[in-house]
Each structure stands twice: as structure tokens, then as C-alpha cells.
Protein chains: 2
Amino acid sequence: MTRQGLLNAAGVVLARNPGAAMAEIAEKAGVGRATLYRHFPTREDLIRALVLESLRQIDEATQQIPVDRLSAEQVLAEILVSIVPLGDRFRFLSNEPAVLNDPEINAAYGRQLDELSELVEAMKAEGSLDRAVPTAWVVAAIDALVYAAWNAVDDGAVARRDAAALAFRTIMQGFGLADPASTSSQKARTAKK
Amino acid sequence: MTRQGLLNAAGVVLARNPGAAMAEIAEKAGVGRATLYRHFPTREDLIRALVLESLRQIDEATQQIPVDRLSAEQVLAEILVSIVPLGDRFRFLSNEPAVLNDPEINAAYGRQLDELSELVEAMKAEGSLDRAVPTAWVVAAIDALVYAAWNAVDDGAVARRDAAALAFRTIMQGFGLADPASTSSQKARTAKK
DNA sequence: ACTACATGAGACAATCATGTCTCGCTTTCA
DNA sequence: TGAAAGCGAGACATGATTGTCTCATGTAGT
């Protein structure tokens with residue numbers, strides 16, 4: 001059994017139950033518990049490796065995007081296509097104490113969030129996003145929508161091939177320039193004044 | 001110590017660490033471990049009660065909205081104001097086996113999702129949301145955005161009083177009628193054809 | 001003052017997951 | 001054929017957590 005196979009099994013099992021025991025992961029991988037321990041001496045090592053692997057996959061996927069040949073908006077579209085399928089990994093593991101306090105993971109994750117922030121800024125600069133919306137909120141919302149898209153696919157509410165496009169459309173409209181002439185939101189917005 | 005105080009402490013502790021021990025919860029509540037067990041005979045009972053209480057709070061908050069005096073869009077705005085502060089509860093507990101298999105919880109949660117679906121349909125009917133976007137996706141995204149808003153407040157990225165409004169604006173724009181004359185999204189959408 | 005009751009502290013057994021270790025078995029490579 | 005290495009199964013000790021129980025203390029109501 002390869003290291004990758006073990007990490008995959010761990011990803012599947014832990015995504016469904018973050019508190020799952022090593023035995024459960026080993027079983028899912030079709031492997032003895034001892035073998036799992038041979039590859040990852042402690043549970044913490046396994047989780048660290050799983051998170052780092054996921055972060056690495058995201059890096060790998062995003063770095064293949066020809067950033068200089070596309071608009072920031074198009075880059076975001078490509079990123080979503082790449083990472084929506086990976087969206088399940090973090091939400092469940094982000095509370096693991098082993099993950100929270102790990103400097104290597106924090107550094108990698110923080111860097112990715114920073115890159116996303118920069119992309120959002122670039123989109124504001126090119127006029128595809130509304131400058132009035134706080135970048136931090138846009139980033140948080142993108143994060144959440146990626147997760148929601150994956151989740152919707154997972155329980156069959158949305159077709160896999162549609163997920164990224166739906167998320168993209170939601171983001172672009174949601175954070176694009178507000179349209180004062182639009183009929184719908186008008187009423188509620190003025191009613192609040 | 002009141003039952004509510006215990007549930008509050010459990011909410012705080014478990015939100016940060018879903019695997020936290022009963023001792024940790026009791027300590028947070030400033031109460032002996034035995035006392036905690038007197039109110040909730042098992043850990044499972046505690047978690048069930050916590051989730052049901054959260055669902056009940058949401059029900060209570062939403063039922064005070066004068067549905068017949070507001071447009072569907074305004075109802076959503078009110079709902080967001082009510083439940084964004086409660087948004088942390090579920091995401092962390094939704095994976096607990098005790099919660100997944102509990103019929104009472106599933107029924108209550110399912111009913112709330114259904115009500116949200118109906119509201120989304122009503123918004124489509126009144127023209128404030130785009131009929132072309134799948135209702136299931138809108139519901140999933142609202143769910144995710146509520147969580148993201150709470151989260152953003154929690155780590156200081158967004159002011160508490162702005163959170164619901166940001167989520168509302170994001171939803172309304174994100175799922176409102178697409179504006180073909182808009183400048184920004186145009187490029188990407190046509191580029192995909 | 002007295003009774004009833006809830007609490008905090010802590011002892012306790014039982015359970016469970018972790019991490020280590022050993023022992024055969026199989027595969028691979030020479 | 002033979003040696004080396006990896007594997008599955010499982011025994012084992014350890015530590016943490018759960019859930020039960022007891023007892024002494026404090027407090028509210030009469």
C-alpha cells in the first residue's frame with residue numbers, strides 16, 4: 001500500500017468523522033493497523049501529512065494556471081474549477097489541535113489566503129469586483145462557497161460539472177458592482193434607511 | 001447552575017474543539033463534572049440537547065418575523081439578522097455520529113431547510129431571485145454564507161453589526177437576476193462559450 | 001434551627017484509542 | 001533456492017475519557 005493510498009483513505013474517513021480511530025482508517029485503506037503506524041508513527045503525523053498534502057495539491061493545481069495570460073476574473077474561474085473537488089479536506093480538519101498549532105501548516109494556509117486576497121484586490125482593480133466590499137469578507141465567502149459547492153455535489157443536490165460554475169457565478173454577481181437600477185434589492189435596501 | 005448555562009458552556013467549548021471532554025465543558029461552566037452528568041446523563045445527551053436547543057432558538061427567532069407584512073426578500077433579511085449570531089453551532093457538530101443518526105434532530109433540521117427552500121422559491125416568484133439558479137444551490141450557499149459571516153466576525157475580519165448585511169447583500173446580488181449589460185462578468189461568461 | 005436538596009470533590013471501574021511489539025506469511029530480488 | 005523486506009494479525013501496556021457512586025458542604029425554604 002502506497003503512502004498516497006493511505007492518505008486518501010484517511011481523507012475519506014476523517015472527512016466523514018474527524019474523530020475516527022486509526023483502526024478505521026487502516027480498515028478503509030485495506031491495511032493492517034500496524035502498517036498504518038509504520039508510515040505515520042502517530043495520529044498527529046498522519047493528520048499533518050494529510051493537510052499538507054491537500055495544501056500541496058491546491059498549490060499544484062493553481063500554479064498551472066497561466067496567470068499572465070488571463071484576467072484576474074478568469075484566474076478565479078480556473079482556481080474554482082481546480083479546487084472545488086478538493087473542498088472537503090479542510091473544514092473538518094481545521095479544528096484539530098494538531099493542525100491549529102502547526103507552524104508549517106499555518107504558513108502554507110496563510111500564504112494561500114494571502115494569494116487569494118491579492119487576487120481579489122486585482123479583481124477590484126480591474127473592475128470585476130466591487131471595491132466597497134471588504135476583501136476579507138470576499139475571501140471568507142469564497143472559502144465558504146467552495147465548501148458549499150463541494151458539499152452540494154456530495155449529497156447530490158448539484159451536478160459535479162456544474163459546481164464550480166455555480167460558485168463562480170455566485171461570487172461574481174455577489175461581489176460585483178451593485179446595480180442601482182436593479183428592481184429587486186432596491187426595496188429592501190431603501191427600506192433599511 | 002442552570003441548564004442553559006451548561007448548554008452555553010458546551011456550545012463555546014465544543015465549537016472550538018468538537019472532541020472536548022466532559023471535564024473541559026464542566027470546567028468552562030464553572031461546575032463539577034458530576035453536576036454536568038446530573039443534567040445530561042451521557043455525552044450524547046448533552047450534544048443532542050445542544051443541537052436541539054440551537055435549532056429551537058432559530059425557530060424562535062424566525063417565528064417572530066411578521067411574514068405576511070414583508071416581502072420574501074425582507075423576510076430573508078430578517079432571518080439573517082437573527083441567525084448569523086447562531087451560525088457557529090452546527091458546522092462543528094454536524095459530523096457527530098450522535099447527531100447524524102438522531103431522527104428528532106434530522107426532522108427539525110430538515111424542516112428548517114425546507115422552509116428556507118420555500119422562502120427561496122417565494123423570492124424567485126416575486127422576482128428577487130433568479131429562477132435559473134437551482135434552489136438547492138441557493139440554500140446550500142446561504143447556509144455556507146451564514147457560517148462564513150459568523151466566522152468572519154469571530155476572527156475580527158468583519159464587524160458584528162455588518163455581518164448580516166454583508167451576507168444579505170452577497171446573497172441578493174449573487175442570486176439575483178443576472179444583468180447582461182453589466183460590464184464585468186460579461187467577458188468571462190462570453191469567453192466560456 | 002431544621003429539613004430537603006443540589007452541589008463540588010474525588011474515588012472508582014470500565015471502556016476505548018493509542019502506540020509498541022512479536023510472530024508468521026508472502027513477495028521480491030539475487 | 002535463499003535471503004531480505006514488507007505486511008497482516010493480534011497481544012500488550014498505557015493513558016485518557018466515560019459514567020457511577022459516595023460523602024461532606026452549603027443553601028433555600030419552613
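The expected span of a helix is 1.5 Å times one less than its number of residues. Keep that in mind for the first view of this predicted model.

**View 1. Helix 1 of chain A, end to end and inside.** This helix covers residues 3-16, 14 residues in all. From its first C-alpha to its last it reaches 20 Å, close to the 20 Å expected at 1.5 Å a residue. Now look for its buried side: Leu6(A), Leu7(A), Ala9(A), Ala10(A), Gly11(A) and Leu14(A). Those buried residues pack against four helices of chain A, namely helix 2, helix 3, helix 4 (43-63) and helix 6 (88-93).

**View 2. Val31(A), in a loop between two helices.** On one side of the loop is helix 2 (22-28) of chain A, and on the other is helix 3 (33-39). Val31(A) counts as partly exposed because it has 17 C-beta neighbours inside 10 Å, and a buried residue would need 20 or more. For a sense of scale, pick out Ser94(A) as well: it sits 63 residues from Val31(A) in sequence and 26 Å away in space, C-alpha to C-alpha.

**View 3. The protein surface near DNA strand C.** Here 14 residues surround the strand, and the closest are Ala21(A), Met22(A), Thr42(A), Gly32(B) and Thr35(B). Helix 2 and helix 3 of chain A, along with helix 3 of chain B, each supply at least two residues. Helix 3 of chain B gives the most, with 3 residues. Sorted by class, this surface has 9 nonpolar, 3 polar and 2 charged residues.

**View 4. The protein surface near DNA strand D.** Of the 14 residues around this strand, Gly32(A), Thr35(A), Ala21(B), Thr42(B) and Arg43(B) come nearest. Two or more residues come from each of helix 3 of chain A, helix 2 (22-28) of chain B and helix 3 (33-39) of chain B. The largest share, 3 residues, is from helix 3 of chain A. By class, the surface near DNA strand D has 9 nonpolar, 3 polar and 2 charged residues.

**View 5. Residues 180-193 of chain A, a stretch with pLDDT under 50.** Chain A as a whole averages a pLDDT of 87, and 91% of the residues score at least 70. Over residues 180-193, though, pLDDT stays under 50. The model has 17 contacts beyond four places in sequence for this stretch. Go easy on this close-up: where pLDDT is low, the predicted coordinates should not be read in detail.

Terms used:
Residues numbered from 1 in each chain as written. Chains lettered and ligands numbered in written order. Predicted model: local features only at pLDDT ≥ 70, side-chain atom pairs only at ≥ 80, totals over all residues. Buried ≥ 20, exposed ≤ 12 C-beta atoms within 10 Å, placed from the backbone. Near = placed C-beta within 6 Å. Nonpolar A, V, L, I, M, F, W, Y, C, P; charged D, E, K, R; others polar. Contact = placed C-beta atoms within 7 Å. pLDDT = per-residue confidence, 0-100.
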